[in-house]
Amino acid sequence: MKKRVIIDTDPGLDDAIAILFALGSGQFDVLGITTIAGNIGLDRTTTNAGGLLAFMNRGDIPVIRGTDIPLTRELQDLVAMVHGMDGLKGIELPDPIKAPLEGAPEWIARMLAESEPGSIDILALGPLTNIAHVVTEHPEVIERIGEIIVMGGTINAPGNSGPSSEFNFASDPEAASVVIGSPVKVTIIPLDVTRQVRADIDYVAALPDTPHGRLAGELLGVYLHDGRQSRPLHDPCVMLAAIDPTIFKIENMKLDIDLGDDPDAGRLLVDRRGKPVDVALGVDAERALALLRTGFV
């Protein structure tokens, strides 16, 4: 049975690869793609999400614009150095088939209310602002969520925003705190494992010769940071964990979020008073890459 999911995202190169995998693998029933500002601003992330759906001829899946500012803080600077000003380093997608809907938190809440409890998982690839709005403004539906799988945070690895903070959580620490502290089952895929999943140039060259396989190859090609190996495939790890969590070494930890104002705001804190959360602390990178390839056949 396909997993019924909502993808909350800010595409973004590795987000785009994750979305292509979700659409091409045959493992997911994608109910909708909700967008967040994240990497390169809400207008562009929303257009990119619609373009990926158009490329895959999936006009049946709606794109729903989400929140363009964090819960209480200013939006972080754009990270164009990695993703380019268009989020995709100049790779062109077709125009979206349909205009996006508005109001991602309300749309998520409505989908949950109309579905069997536990039948929808949320795959969160960007800052958690949209999902935090659902938790705080629609508390009657949050326990209907099956699971939230989140790309974010770091336990022992260095940060990529502050010394010990990761971009998604640092972009909206309060939202991360709300989601992690909620009664929903949450699984975190942190930098500790995503940095171990990287495609080399031979992997890219061997991707299937299908339309979405070729697009994935283009995306990975511009994601090669030294001409030989890609930057970490952060967001695809969420999709892989949803299908086969045995690829990861998952431990239950009590965690909280640093809500300070220093460069490490959004840092994950191991705290015995925190919420028990499943965290991926290890990964079989070879199995992860092999599974990822199956989405492009």
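The exercises below work through the fold of a predicted model, each with a solution in steps.

Residues are numbered from 1 along each chain as its sequence is written, and side-chain values use heavy atoms, with hydrogens and water left out. Because the model is predicted, local features need pLDDT of at least 70 and side-chain atom pairs count only at pLDDT 80 or more, whereas totals for chains, interfaces and linings use all residues.

**Exercise 1. Describe the overall make-up and compactness of the chain.**

Step 1. Begin with the secondary structure, which comes to 12 helices and 10 strands; these are DSSP runs numbered from the N terminus, helices being H or I of at least four residues and strands E of at least two.

Step 2. Turn to the radius of gyration, which is taken over C-alpha atoms and set against a globule rule of 2.2 Å times the number of residues to the power 0.38. The chain has a value of 17 Å, close to the 19 Å that the rule gives for 297 residues, so it is as compact as a globular protein of that length. Along the principal axes, the C-alpha atoms fill a box of roughly 50 × 40 × 35 Å.

Step 3. Consider burial, where buried means under 20% relative accessible area, exposed over 50%, and partly exposed in between, with a 1.4 Å probe and protein chains only. Of the 297 residues in the chain, 59% are buried.

Step 4. Finish with contacts, defined as heavy atoms within 4.5 Å. Among contacts with a separation of 6 or more, 81% are accounted for by residues 24 or more positions apart.

**Exercise 2. Trace the sheet and identify its edges.**

Step 1. Two strands pair if DSSP finds at least two bridges between them. By this rule, 10 strands form an open sheet with mixed pairing, in the order β4-β3-β2-β1-β5-β6-β7-β10-β8-β9.

Step 2. The edges are held by β4 (101-102) and β9 (268-270), each with a single partner strand, so one side of each is left without a neighbour in the sheet.

Step 3. At the β4 edge, β3 (residues 63-65) and β4 pair in the parallel sense over 2 bridges, and Ile 64 stands opposite Leu 101 in β4.

**Exercise 3. Compare the two pairings made by β10.**

Step 1. Strand β10 spans residues 275-283 and is mostly covered, with 7 of its 9 residues buried.

Step 2. With β7 (residues 186-189), β10 pairs in the parallel sense over 2 bridges; here the bridge partner of Ile 188 is Val 279.

Step 3. With β8 (residues 248-257), β10 runs antiparallel and is joined by 8 bridges, and Lys 249 stands opposite Gly 282.

Step 4. Leu 255 lies in strand β8 and counts as buried at 1% relative accessibility. Beyond residues up to four places away in sequence, Leu 255 touches a set of residues including Ile 188, Val 277 and Val 279.

**Exercise 4. Characterise the surroundings of Ser 165.**

Step 1. Ser 165 is placed in the loop between β6 (145-151) and α6 (167-171).

Step 2. Its relative accessibility is 0%, so Ser 165 counts as buried.

Step 3. Leaving aside neighbours within four places in sequence, Ser 165 is in contact with residues that include Thr 154, Asn 160, Asp 264 and Arg 267.

Step 4. Ala 265 is also among these contacts; the C-alpha atoms of Ser 165 and Ala 265 are separated by 6.7 Å, although the two are 100 residues apart along the chain.
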